[in-house]
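Got the viewer open? Here's a short tour, one selection at a time.

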Amino acid sequence: MRTKSVGKKKINVVTLGCSKNVYDSEVLMSQLKANGKEVVHEDRGDIVVINTCGFIDNAKEESINTILDYVEAKNRGEVEKVFVTGCLSERYKPDLVREIPDVDQYFGTRDLPILLKHLGADYKHELVGERLTTTPKHYAYLKISEGCDRPCSFCAIPLMRGGHVSTPIEKLVVEAQKLAKKGTKELILIAQDLTYYGLDIYKKRALGDLLKELVKVEGIEWIRLHYAFPSGFPEDVLDIIREEPKVCNYIDIPLQHINSDLLKSMKRGTTHEKTNALLDKFREKVPDMAIRTTLIVGYPGETEERFQELKDWVKEQKFDRLGCFTYSHEENTGAYVLEDDIPQEVKEARVEEIMELQSQISWEKNQERVNKIYKCIFDRKEGNYFIGRTEYDSPDVDNTVLVSAENTYISIGEFANVRITSAEEFDLYGELV
């Protein structure tokens, strides 16, 4: 039996933030493993690499607290080295070096080869499409582009991730094929902006072309779309969603607000009327589509009247899935010159109002699913229930389907048909058929 070699260091990768960071950590871990390194994800290790988020205040606070926790562990002799990478260190490296000097080295979002060098590894170009996935093996994120060219006034992503760079279709197909061979059944397409995909390398919006190639990958049964920008959305994608069984009737399209004056200040390139026309087009082309959106409340200038307009619109549109966040006043963004004129407690109260509205909408929509049969994929078992999802639900953020485990067995990562027997605001209960 082989034993761990003396002096071999275990590298622990800790991931904070969004699914794009999950993807980046998986690429890092694959590179380390190919270099013969022992690597774990969010476990015990001799060397710690923290992949940080720097998007909004809460995320920055979590990242800083995590760094401080591991620096303390280093000072106690529990870990040998602490490295920090990702969005926070891309954006605030000079400040971090000054305030938390006990970190061994800080790296930005585009410093993977340099980070690998510090970990005693070489960047291997032949590993295109290789990742050590940290999600359950039956689903995986597929990042189709990096960075963003949009000028949204509230957003610091371009400061941390740079301009938009699309990954060529052939590379993404190879990556999807490798994932499928490892047992991946569901691909979740992510980017800062799916809508813009292809404009830089193909001189046209090519999300539809990409989907047509990905559906050919054997073993992939579901493909879902996350983070599509509303302005300039390529309508041919709607035809593909409607006609191609592998592409889920689901889209995540962050709309942020509906008041035209605020949308103009946010530099979203749309209006109340144009947004409604786009949503009408979605529902006309794909009547069975689940639409997920996210909203920002408390943006500078959001008067009670403008907030009421947002609430009325949420009631009118009845989104299938909705998240809501308070505005975060981010330095070096376009909106930073505006007065952050909404008190934090008002922002938080507005989030609660929106989510209370959405809770009722979600309950009503879920009641409509009772007695219907849905194809579900099962992610895990918790207590007395197997936890699954329909094609209308993305992992971690959307509704779940619960099937009692008392007299039923379901293989994790497999599909099964489920009849919905009852429903709550965000959970469906059912039985196998």
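Start by selecting Cys148 and showing whatever touches it. Skipping neighbours within four places in sequence, you'll find Cys148 in contact with Ile157, Pro158, Gly162, Gly163, His164 and Gln192. Keep in mind as you click around that this is a predicted model.

Now look at where Cys148 sits in the fold: the loop between β7 (145-146) and α5 (157-161). Is Cys148 buried or exposed? Its relative accessible area is 13%, and since buried means under 20%, Cys148 counts as buried.

Next stop, Cys152. You don't need to travel to another loop, as Cys152 is also found between β7 and α5. Which residues does Cys152 touch, leaving aside its neighbours within four places in sequence? Select Phe229, Met266, Lys267 and Arg268: Cys152 is in contact with each of them. Cys152 is buried too, with a relative accessible area of 11%.

Why pick these cysteines? UniProt, in an unreviewed entry, places the feature "binding site" at Cys148, Cys152 and Cys155. Add Cys155 to your selection to have the full annotated set on screen. That label comes from the record, and such annotations may be inferred rather than shown by experiment.

Time to move to another loop. Select Ser411, which lies between β16 (400-404) and β17 (415-423). Here the surface picture changes: at 33% relative accessibility, Ser411 counts as partly exposed. While you're there, draw a distance from the C-alpha of Ser411 to the C-alpha of Arg242. The two residues are 169 residues apart along the chain, and the line should read 29 Å.

Now zoom out and switch to cartoon. You should be able to trace 12 helices and 18 strands. Turn the chain along its principal axes and its C-alpha atoms fill a box of roughly 65 × 55 × 45 Å. How does the radius of gyration fit? For 433 residues, a compact globule would come out near 22 Å, and the chain has 22 Å, so the two agree.

Try colouring by burial: buried residues make up 53% of the 433 in the chain. Contacts tell you about the wiring as well. Of those with a separation of 6 or more, 74% are between residues 24 or more positions apart.

Finish with a surface view. The accessible surface comes to about 19,500 Å², with 48% of that belonging to carbon and sulfur atoms. Colour by charge and you'll have 60 positive and 75 negative charges to look at, and their mean positions are 6 Å apart.

Methods
Residues numbered from 1 in each chain as written. Predicted model: local features only at pLDDT ≥ 70, side-chain atom pairs only at ≥ 80, totals over all residues. Heavy atoms only, no water. Helix = DSSP H or I, 4+ residues; strand = E, 2+ residues; numbered from the N terminus. Rg over C-alpha atoms; globule rule 2.2 N^0.38 Å. Buried < 20%, exposed > 50% of the residue type's maximum accessible area, 1.4 Å probe, protein only. Contact = heavy atoms within 4.5 Å. Areas by Shrake-Rupley, 256 points an atom, 1.4 Å probe, with all protein chains shown as cover. Lys, Arg positive; Asp, Glu negative; His and termini not counted. Charge placed at Lys NZ, Arg CZ, Asp CG, Glu CD.
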